[in-house]
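The following note sets out, point by point, what may be read from the structure shown below. Please keep the sequence and the model at hand while reading.

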Amino acid sequence: FASYSSNPVENGSLSQRSVRSIFMDSQGGMWLGTYFGCLNYYHPIRNRFKNIRNIPYKNSLSDNVVSCIVEDKDKNLWFTTVGQGIFKYNTITNHLEQYEFKNANGLMASVLVDSENQIWAITNWGNSGLFKLNKAENKFETFPLSYESGKHDSNALVMLEDSEHTL
């Protein structure tokens with residue numbers, strides 16, 4: 001068991017000590033989403049952190065709060081931010097692609113990759129609801145939620161897929 005801390009003057013340390021999400025990728029690397037410290041990558045062989053953060057006017061994150069991290073079957077990372085929507089990160093090319101959710105003020109709670117490699121997102125801000133990535137058009141579309149009460153309102157912050165492949 002190892003313990004890591006944030007030291008702003010030490011290169012390769014954790015960027016911020018308030019960690020909001022932790023995800024182990026298919027290569028054994030650890031991704032940590034932080035509160036105002038952006039995204040941190042740690043691989044045990046290197047024994048140090050690489051920080052992926054906002055760099056103005058470059059292909060970078062536009063928000064430094066990362067809440068949820070997942071990986072699709074193509075080895076892309078998907079993560080939510082508080083204020084800038086969802087990002088897709090190609091770990092091979094280091095390219096970031098942003099998906100804005102203006103109706104939700106960019107406040108996305110969670111992203112999920114299902115068993116069919118479909119990308120889903122959920123928010124409880126603004127026009128709350130469930131969204132699915134239309135891969136042919138490369139944009140998220142609203143996936144209607146229906147409730148017995150007739151209201152379209154959600155307080156969901158996370159999604160899971162069960163053994164019958166139901167969200």
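**Notes on the predicted model**

1. The protein chain contains zero helices and twelve strands. Along the sequence its pattern is accordingly β-β-β-β-β-β-β-β-β-β-β-β. It should be said at the outset that this is a predicted model.

2. The confidence of the prediction deserves attention before any detail. The mean pLDDT of the protein chain is 82, and 83% of the residues reach 70 or more. Confidence is lowest in E4, with a mean of 82, and highest in strand E9 (residues 110-113), with a mean of 92.

3. Some overall values describe the chain. It has 167 residues, and 42% of them count as buried. The accessible surface amounts to about 10100 Å², and carbon and sulfur atoms contribute 49% of it. Of the contacts between residues at least 6 apart in sequence, 38% join residues at least 24 apart.

4. One open sheet is made of four strands in the order E1-E2-E3-E4, with antiparallel pairing. Strand E1 (19-24) and strand E4 (48-52) are at the edges; each has a single partner strand, so one side of each is left without a neighbour in the sheet. From one strand to the next, the twist averages 25°.

5. The pairing of E1 with strand E2 (residues 30-34) can be followed residue by residue. The two strands are antiparallel and are joined over five bridges. Met24 stands opposite Met30 in E2, while Val19 has Thr34 in E2 as its bridge partner. The hairpin of E1 and E2 has five residues between the strands, and Gly28 there takes a positive phi near 90°.

6. A second set of four strands also forms an open sheet, in the order E5-E6-E7-E8, and the pairing is antiparallel. Its edge strands are strand E5 (66-71) and strand E8 (95-99), each of which pairs on one side only. Neighbouring strands of this sheet are turned against each other by 20° on average, direction ignored.

7. Within this sheet, strand E6 (residues 76-81) and strand E7 (residues 86-90) pair in the antiparallel sense over five bridges. One of the residue pairs is that of Thr80 with Ile86, its bridge partner in E7.

8. The next question concerns strand E10 (residues 119-123): how many of its five residues are buried? Five of the five are buried, so the strand is largely enclosed by the rest of the structure. Ile119, Ala121 and Thr123 point one way from E10, whereas Trp120 and Ile122 point the other way, and all are buried.

9. E10 has pairing partners that may be traced in turn. Four bridges join E9 to E10, and these strands run antiparallel. Val111 has Ala121 in E10 as its bridge partner. E9 and E10 form a hairpin with five residues between them, and in the turn Asn117 has a positive phi of about 65°. E10 also pairs in the antiparallel sense with strand E11 (residues 129-134), over four bridges. There, the bridge partner of Ile122 is Leu130 in E11.

10. The aromatic residues merit a separate point. Across the whole structure, a search finds nine aromatic pairs. In one of them, the ring centres of Trp31 and Tyr41 are 4.5 Å apart and the planes stand at 45°, so the pair is tilted; a pair counts as tilted when this angle is neither under 30 nor over 60 degrees. Trp31 belongs to strand E2 and Tyr41 to strand E3 (residues 39-43), so the pair ties together parts that are ten residues apart in sequence. Both Trp31 and Tyr41 are buried.

11. Phe79 and Phe87 form another aromatic pair, and this one is stacked, with 5.9 Å from centre to centre and 15° between the planes. Are these two rings buried or exposed? Phe79 has a relative accessible area of 0% and is buried. Phe87, at 2% relative accessibility, likewise counts as buried; the cut-off for this term is under 20% relative accessible area.

12. Finally, aromatic residues are also found in a group. Trp78, Tyr99, Phe101, Phe131 and Phe140 form one aromatic cluster.

Technical notes:
Residues are numbered from 1 along each chain as its sequence is written. This is a predicted model: local features need pLDDT of at least 70, side-chain atom pairs count only at pLDDT 80 or more; totals for chains, interfaces and linings use all residues. Side-chain values use heavy atoms; hydrogens and water are left out. Buried means under 20% relative accessible area, exposed over 50%, partly exposed in between (1.4 Å probe, protein chains only). Contact means heavy atoms within 4.5 Å. Accessible areas come from the Shrake-Rupley method with a 1.4 Å probe; for residues, only the protein chains shown count as cover. Two strands pair if DSSP finds at least two bridges between them. Axes are lines fitted to C-alpha atoms, for helices over the stretch in contact, and angles run from 0 to 180 degrees between N-to-C directions. Rings of Phe, Tyr and Trp (its six-membered ring) pair if their centres lie within 6.5 Å; planes under 30 degrees apart count as stacked, over 60 as edge-to-face and the rest as tilted. pLDDT is the predictor's confidence in each residue, from 0 to 100.
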